There are 2 protein chains.
Amino acid sequence: MGSIDSKTEEIIFRAARKVFTRKGFDGARMQEIADEAGINKALLHYYFRNKDKLFDRVFRDVVKSTLPQLIGIMNSDMPLFDKIRTFTSTYIDILSGNPEFAGFVFHELSRNPYRLLESLKESGPNLRVLENQIKEAALSGKIEYIPVTHLVVNMMSLIALPFIAQPVIMGMFSMNPEDFDAFIRERKELVPQTIIHSIIKRP
Amino acid sequence: MGSIDSKTEEIIFRAARKVFTRKGFDGARMQEIADEAGINKALLHYYFRNKDKLFDRVFRDVVKSTLPQLIGIMNSDMPLFDKIRTFTSTYIDILSGNPEFAGFVFHELSRNPYRLLESLKESGPNLRVLENQIKEAALSGKIEYIPVTHLVVNMMSLIALPFIAQPVIMGMFSMNPEDFDAFIRERKELVPQTIIHSIIKRP
DNA sequence: TGTACATTTGACCATCTGGTTAAATTATTT
DNA sequence: AAATAATTTAACCAGATGGTCAAATGTACA
């Protein structure tokens with residue numbers, strides 16, 4: 001139950017994820033998903049009752065394929081700076097492989113915030129670990145204190161926005177796709193550096 | 001030509017901007033815009049020929065009401081750190097007044113990147129000024145060198161993403177709308193601080 | 001006042017879109 | 001091989017949606 005067993009079902013699901021993440025719920029057409037999967041439109045409704053149900057499955061799948069990894073890193077007992085580096089690197093890798101994910105998730109959550117509760121709480125984020133690390137590092141004089149909220153949002157921002165703003169960035173800086181890839185690769189070094197420099201205590 | 005003269009036309013246009021920025025092109029309904037404007041649906045087509053044309057006007061209007069301000073600051077002869085502070089403050093103020101703008105622009109540009117050329121090049125961004133300031137400050141040992149691209153993207157990211165991710169942030173940190181407003185207000189101080197700390201040369 | 005012109009509306013149309021159904025095809029079981 | 005169940009399809013439907021049009025209303029002006 002809930003899982004994907006048949007071959008056809010998986011083909012359809014992959015097609016749906018592709019179309020939904022690219023075009024969003026409103027922009028996606030059931031016919032387009034059927035075409036992408038190379039099957040009849042009625043077969044969509046045979047396997048997934050309707051557009052909403054299919055979309056829900058896709059949305060959950062996207063969240064479940066990314067959030068747990070990131071939360072795992074956040075809740076680990078890694079030292080603070082390592083955590084920042086690993087989080088960045090992992091998140092950028094995920095989004096490099098699926099550049100539409102960030103825009104998709106944020107856009108759909110604005111369109112329909114109720115989904116947040118289910119999908120986020122399933123993966124249960126827990127910020128105490130990180131919060132304690134910050135407090136400890138601040139007390140011991142290693143870093144300037146910063147609220148967890150802002151630290152997490154800063155990391156999310158520096159990592160995710162470039163993917164959401166890809167066309168803007170490419171236009172603004174006259175980049176071609178290869179330039180953009182290189183730009184993102186540079187950020188795997190630059191983002192943790194930026195974050196750490198912004199909080200590290202200067203002598 | 002291109003401007004809005006009649007009273008009705010402006011009412012319709014405002015309604016369109018409201019609906020389009022909230023729901024996006026695909027999610028917006030001409031009927032909903034008509035209702036929002038309190039007029040007949042046929043009147044939409046009397047003033048603005050069709051959905052595409054109306055959307056185009058709205059999109060241009062949104063870009064034109066924000067980009068030039070920000071580009072003006074970027075191209076001014078303000079000292080680098082003041083520029084960072086002013087840019088952040090102005091951009092956050094704009095988005096506080098129109099929280100949907102960021103998500104709207106980025107989402108629609110991914111959906112239809114060709115529009116970027118027209119709308120961006122109309123406002124003609126010019127990064128030489130900022131680029132020279134960075135080089136100068138780096139040479140004089142005030143800051144660590146950073147490519148303009150990354151500096152600009154870092155600022156855009158730290159400022160814009162929180163608005164795009166509002167529901168995620170509110171959910172993740174159990175914020176209500178007032179909490180979120182306060183959080184954003186905090187960022188007017190924190191973002192320039194983050195940026196400056198990340199590049200300033202330590203002794 | 002009457003006439004030309006702009007504005008506004010209700011009714012209507014063609015097409016798109018999500019969804020259904022009954023029949024056909026294929027696989028499974030006995 | 002016959003019967004039963006699962007999978008797939010073509011054809012179809014109802015409602016939504018962008019868009020049109022002729023008539024009605026309002027406005028300016030001779």
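Which element gives the largest share of the surface near DNA strand D? That element is α3(A), with 4 residues. The model is predicted. This briefing covers the surface near the DNA strand, then the two domains of chain A.

**Surface near DNA strand D**

- Among the 15 residues around DNA strand D, the nearest are A:Tyr46, A:Tyr47, B:Arg29, B:Lys41 and B:Lys51.
- By class, this surface has 8 nonpolar, 4 polar and 3 charged residues.
- Sugar or phosphate accounts for 56% of the strand D atoms within 4 Å of the protein, and bases for the rest.

**Backbone and phosphate**

- A polar backbone atom of B:Met30 is 3.1 Å from a phosphate oxygen of DNA strand D.
- For A:Asn40, a polar backbone atom is 3.3 Å from a phosphate oxygen of the strand.
- For B:Ala28, a backbone N or O atom lies 3.5 Å from a phosphate oxygen of the strand.
- Two or more residues of the surface near strand D come from each of α3 (41-47) of chain A and α3 (41-47) of chain B.

**Two domains of chain A**

- Chain A is divided into domain 1 (7-59) and domain 2 (65-199).
- Their centres, taken over C-alpha atoms, are 29 Å apart.
- The area buried between them is about 950 Å², and carbon and sulfur atoms give 66% of it.
- On the domain 1 side, A:Thr21, A:Phe55 and A:Phe59 lose the most area, together 59% of what that side buries.

**Polar links between the domains**

- The rule finds 1 salt bridge across this interface.
- A:Asp26 forms a salt bridge with A:Arg111, with the closest N and O atoms 3.5 Å apart.
- On the domain 1 side, α1 (7-27) and α4 (51-64) each give two or more residues.
- The largest share of that side, 6 residues, comes from α1(A).

Definitions and conventions:
Residues are numbered from 1 along each chain as its sequence is written. Chains are lettered from A and ligands numbered from 1 in the order in which they are written. This is a predicted model: local features need pLDDT of at least 70, side-chain atom pairs count only at pLDDT 80 or more; totals for chains, interfaces and linings use all residues. Side-chain values use heavy atoms; hydrogens and water are left out. A residue is near a molecule or strand if one of its heavy atoms lies within 4 Å of it. A polar contact is a pair of N or O atoms within 3.5 Å; within protein, one must be able to donate a hydrogen and the other to accept it, and residues adjacent in sequence count only if both atoms are side-chain atoms. Ala, Val, Leu, Ile, Met, Phe, Trp, Tyr, Cys and Pro count as nonpolar, Asp, Glu, Lys and Arg as charged, and the others, Gly among them, as polar. Domain bounds come from an automatic or database domain assignment. Buried area is the accessible area (1.4 Å probe) that two parts lose on being put together, summed over both. A salt bridge is a side-chain nitrogen of Lys or Arg within 4 Å of a carboxyl oxygen of Asp or Glu.
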